[in-house]
Amino acid sequence: MAEPTILVLNSGSSSLKFGLFAAPFGDPHPLCVGEVEGIGSEKAHFWIRGATGDVLSQQDQKVPDQQAALGIAVGALAGLPLQAPQAVGHRVVHGGPKVVEHQEITPEVLKELEDAAIFAPLHVPAALKIILQAQRLFPHTPQFACLDTAFHRTLPEAASRFALPEMFWEAGVRRYGFHGLSCESVLHTLGADVPQRVIVAHLGSGASITAIDKGSSVDTTMGLTPAGGIVMSTRTGDLDPGVLLHLLRTLEGNAAKLESLLDKESGLLGISGLSNDMRQLHQAADNPRAQLAIEIFCRSATKAVGSLVTILGGLDLLVFTGGIGENDAKVRERICAGLEPLGVTLDLRANQGNVGRISGIESHVRVFVVPSDENAQIARHVYRLLLRREGG
C-alpha cells in the first residue's frame, strides 16, 4: 500500500482537535495539527501548526457547532500544500456493548454508535455529528471509529461486572473503562521498556487510572460512563448510591438537572466554588476551598492507585499522563507522597521537569511522565485497518 495520508478527528463537547498524518512504513507522523476551542461561544479560537510547530493559521471567531468547526478545519487544510486524506479516523469515547473494537464505520456500526450515545452524552453525540459531516465532506473516503473503550475489552468479568441482577449485565450495564487510546499511546511510547505491572494515571479534565498486566487492561476506575471513578474537573467521580437517590429526590426527579450537576457543576469546580482549572486553584493559595479541592483530587487518585496495586499484586511502573498528569509537578508530588508505603519515591528535581523518569534512585517503583498522543494512536489504528481492508 502506498503511503496514506490520514485525517484524525478528535471531538469533545466544546472542542475539535484534528491532525493530518502521513504513515511511512506504518509509523504515522503529523504533517500538521490543530484545534478549534470554545465551540458554541461567541469567540472560539482556531489554530493550526505545521510539523515543526510553526503556526500556519489562527483566528478567533464565532463557531456555533461541531459541523462549523470541522468546516473551518477542512477549509484550512485544503489551503495547505498537502495531499487530501485517504482515510479519516474518529475518536469515539463509547461504543456501547456491541462496538468494542476499532473498526471501519459502516451504516450498521453508525447505528450502534447512535444507540451508545446514552452512555456518554457529553462526548458521543458530538462525535456522531463530526462523523456525519466528515462523510459528507469526504464521501468516497473510508472512515474509522477508534474507541476509548476498546483497550479495556480485556477486563475480566470480576472487574467489569457491577453487583446488579443478571438482566442488567445482559443489557450491557457494566464497567467499560475509558482513556484507552491514551493508555495505548503511553505503551507505544514506552516500547520495550514496559514491565509486567503498570498503572497509568491519565489526569486531565477527565481523569482515570488503569491497571495494566502484561500489556492488557485488568482494572480501571471509570465505569459505565466517563463520569465514574476519581474526582475530576467538573465531574464527581464515584458516589454512594444513596447520595444519588438523595439528589434525585432533592431535584424532584429531574434526571436532566442531576446529569448536569454530576457532569458539569461538581468535581474541582463544585468543591472550590472557584474554577475547574487546576492552575487557577494553585494560584488561589489563600482560598481554603480551592486548596481543599486539590487535596481531595490528589487523595482520590492516591487511593485509586493504591487499590489497583493490590489487583496487580505489586507495581513496577507508575505513569502520569494527561494535561494535569504531564504538567503539574505539585499534584504528582502529593499523589506520590501518599504512595511512599508502597515503595514510591520521587526525585523532586526531576519531577519539576515534567518529562521522563521522575522516581528517585531508591524508589522500588519506577515513575514516569509520558505525554499522551491520542491522535497519533488513532492514526496507527487507521493505518492497520487500511492494510486489513486492502488485504495487506
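This passage looks at one helix, a set of salt bridges and a surface patch in a predicted model.

Helix 8, which runs over residues 255-264, has a clear inside and outside. Its buried residues are Leu258, Leu262 and Asp263. They sit on the same side of helix 8, because they cover an arc of only 115 degrees around the axis. Flip to the other side of the helix and Ala256 and Lys257 turn up, both exposed. Part of the cover over the buried residues comes from helix 7 (241-250). At the start of helix 8, Asn254 brings a side-chain oxygen to within 3.1 Å of the backbone nitrogen of Ala256.

Next come the charged pairs. Side chains of opposite charge can pair when their charged atoms come close. There are 12 salt bridges in the structure. One of them joins Glu42 and Lys62, with 3.6 Å between the closest N and O atoms. These partners are 20 residues apart: Glu42 lies in the loop between strands 3 and 4, and Lys62 in the loop between strand 5 and helix 1. Glu42 counts as exposed, since its relative accessibility is 62%.

Another salt bridge ties Glu112 to Lys98, at 4.0 Å from N to O. Here helix 2 supplies Glu112, while Lys98 belongs to the loop between strands 6 and 7. Glu112 is partly exposed at 25% relative accessibility, whereas Lys98 is exposed at 61%. Arg91, Asp148 and Glu374 go a step further and form a network of salt bridges.

Finally, the surface carries a nonpolar patch of about 290 Å², made by Leu164, Met167 and Phe168. Leu164 sits in the loop between helix 4 and helix 5 and is partly exposed, at 41% relative accessible area.

Notes. Residues numbered from 1 in each chain as written. Predicted model: local features only at pLDDT ≥ 70, side-chain atom pairs only at ≥ 80, totals over all residues. Heavy atoms only, no water. Patch = residues over 30% accessible without salt bridge, like charges linked within 9 Å, V, L, I, M, F, W, Y side chains within 5 Å. Areas by Shrake-Rupley, 256 points an atom, 1.4 Å probe, with all protein chains shown as cover. Salt bridge = Lys/Arg side-chain N within 4 Å of Asp/Glu carboxyl O. Helix = DSSP H or I, 4+ residues; strand = E, 2+ residues; numbered from the N terminus. Buried < 20%, exposed > 50% of the residue type's maximum accessible area, 1.4 Å probe, protein only. Arc of directions from axis to C-beta. Contact = heavy atoms within 4.5 Å. Polar contact = N/O pair within 3.5 Å; in protein donor to acceptor, adjacent residues only side chain to side chain.
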